[in-house]
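These notebook entries record what I looked up in one structure. I took a pocket and then the ligand site in turn.

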Amino acid sequence: MTGWGGGFFGGPQAQNAARDAGLPHGGVPGNLINQVEAVLAKEPAHPAVEVNFSHRQPDDPPLTLRSFLWPHRDSLAIALLLVILETAMMQTGPLLTQIGIDRGIIPGNFDVLLMVVGIFLASVIVHMSSSSMRIRFTGRMGERLIYALRIRVFSHYQRMSLNFYTDEKAGVLMTRMTSDLEALTMLFQEGLINFAVQALTLMVITIVLYALNPSLATLTLFVVVPATFALSIWFRHVSNHYYDLVRDRIAEVLSDLQESLAGIRVIAAHNRHLYNVINHTNVVGRHKDANLQGVKSASVYGSSAEAIGIIGQAIVLVVGGYMVFRGSLTEGELVAFVLYLTAFFAPIQQLVQLYNAYQQGQASMRKLSDLLKNKPSVIETANAKDLPPIQGEIVFKNVSFSYDPAIPVLHDINLQLAPGESLAIVGPTGAGKSTVAKLITRFYDPQQGVISIDGHDLRNVTLASLRRQLGVVPQEPFLFYGSIYDNVAFARPDTTTSEVLQTCQTVGLTDLLERLPNNIYSQVHERGASLSAGERQLLALARALLARPRVLVLDEATSNLDMLSESQITAALDAVLEERTAIIIAHRLATAMRANRIAVVENGRITEIGTHEELIAHSGHYAEMYATWMAHVSTRGTSHATSHDT
Ligand code: ADP
């Protein structure tokens, strides 16, 4: 459980933080202090947020509108009470008008008229205050619901295993969190309660219409209700399809956008701008088409519902007028009837629009529900134990693995690493080297066999306790937007500045830090775009080293580093590997030779394993690779050997 403080400018808390840091007013000049304090006093205090995260999927019921709203039924009930009050007050007008006409104006009784106006005013005031309370209440409830849903979906994303991210496009996942949630926000904040207001209004008016004149009411409703009902069923059927399509298409638009932004360097290098614009035009066009289809059905629905209403009003005027001639209806009653009928169609039209919003919200809910149904493939069992501090013995026993059941990747791997031993894995591209690394970090589970650390089967330990003791340096180190400090202290945010500085020195980042404007607090751009490949690699090493792992899994960078960076990284590696069990996916034989042992992986099997000398003596594939490399080095006259696996 982690408690995070409020935002950066978080009112009184920021003030306290500045004070704790020995800055009474965070550097604000003396004459402004009073004004600053006055502003801060008005700022809301942001309470610390309590966040629970577990790798185990909670047993929440499937996400549906009902299951999601049920825990908030109390708030909904209060909102509904306010709605009833609001609706009742809103509908007093025509009734009071009828009393005013029939008992005040026609008999000439001014006192009755005054009293009616007085009651009318009072009802307006009650209506106004209950309506404002209700809007505030439902607004707050809507925000709380969306907040809970955002956290639920985000936690789900954090929990999912790597295969989920291989299968799903990042843009689609972004859409679920943005556009889909927005559609639901509209529904929660306005839609649902407004739906209740309008439905209730309809009921109240129906009762009043019957009280005024049962035969006229029956006639009107007989025309209006079945026609509206049939129309709504048709619309529901058609719009369900289109709104689902719209949700899929907007996900395509955002995916394409996301990919175009992420790949902008490749796009520029290969002159694909025009092609990309054409492609995006097509994707956006498909979204527009789906939306237009939805708009078309909504327009048919809306206008037909309106026409039904007008026909109803015409019938009332004809039949009601005739009743007045015959004396079976008073003028006041006819006016009230027409007024109520107008008020009867307003909610119908509102319901039509709300139903449209509801259908869109439901489409989003279905998409989110499908998303939340995904289960992580790497599961933490209910009785998983924390991995105790390890020595670092790694054992693979008869391990077989495939990403796709039809294409086996690793076959019957047996491997044993003593604590503190380093093993380099070499072999052709696609042989399964990175897959071995991914199994140790438990990004995936093998289909057969057991992987254990210090005798603990990885499937029986908690993921957090395992990964806390593992350091991973990926081939393409990912740097987050933030400072160098934030990036290095990533696995241990509670670390001290001096420790981060020392780690940066150990891996040889001192020169870089001295060149940067704010040393360790200099900003790193998104994905480390402002740093060189060698610098990014060193930062990733520093990040792994700071976490003080017992086991290090390192995927060597394949990008050709300049000689200086390469020697820096080699020196840094020596520092990092000291007394640690390490698995290094080596793309340079120079790196492989520094490891205690070398394993050659070919077609998902370990074909040779031993020390450099043993493998040379064995005269197998490794000896062959070594001979090629030596020949390459001597013809080039440089130690800068290129990747051997291409
Ligand atoms: P190496 O690191 O030796 O180059 P990998 O271990 O990355 O090779 O890949 C081994 C095989 O598994 C390759 O054929 C590759 O195409 C396949 N592969 C790798 N990652 C995935 C994945 N996420 N889903 C499906 N297949 C994958």
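**Lining and ligand shell**

I began with the lining of the second largest pocket and sorted its residues by class: eleven are nonpolar, seven are polar and nine are charged. I note that the model is a predicted one.

I next looked up the volume of the second largest pocket, which is about 630 Å³. I found 27 residues in its lining, and Gln57, Pro58, Asp60, Arg152 and Arg159 are the closest to the pocket centre. I then listed the elements that contribute two or more residues to this lining, namely strand S2 (49–51), helix H6 (110–159) and helix H13 (331–373). I recorded H6 as the source of the largest share, with five residues.

I turned to the ligand and asked which residues come nearest to it. Of the 13 residues around the ligand, these are Gly430, Gly432, Lys433, Ser434 and Thr435. I sorted the shell around the ligand by class and obtained five nonpolar, six polar and two charged residues. I recorded helix H14 (residues 433–440) as giving the largest share of this shell, four residues.

I then checked distances to oxygen atoms of the ligand. For Gly430, I found a backbone N or O atom 2.8 Å from a ligand oxygen. For Lys433, a backbone N or O atom likewise lies 2.8 Å from an oxygen atom of the ligand. For Ser434, I noted that an N or O atom of the side chain is 2.6 Å from a ligand oxygen. Finally, I looked up how far the ligand is covered: on its own it has 560 Å² of accessible area, and the protein covers 63% of this.

Technical notes:
Residues numbered from 1 in each chain as written. Predicted model: local features only at pLDDT ≥ 70, side-chain atom pairs only at ≥ 80, totals over all residues. Heavy atoms only, no water. 1 Å grid on protein atoms, 1.4 Å probe; cavity = no way out; pocket = protein on both sides within 12 Å on 5 of 7 lines; lining within 4 Å. Points joined across faces, edges and corners; volume = space filled by probe spheres on them. Nonpolar A, V, L, I, M, F, W, Y, C, P; charged D, E, K, R; others polar. Near = heavy atom within 4 Å. Polar contact = N/O pair within 3.5 Å; in protein donor to acceptor, adjacent residues only side chain to side chain. Areas by Shrake-Rupley, 256 points an atom, 1.4 Å probe, with all protein chains shown as cover.
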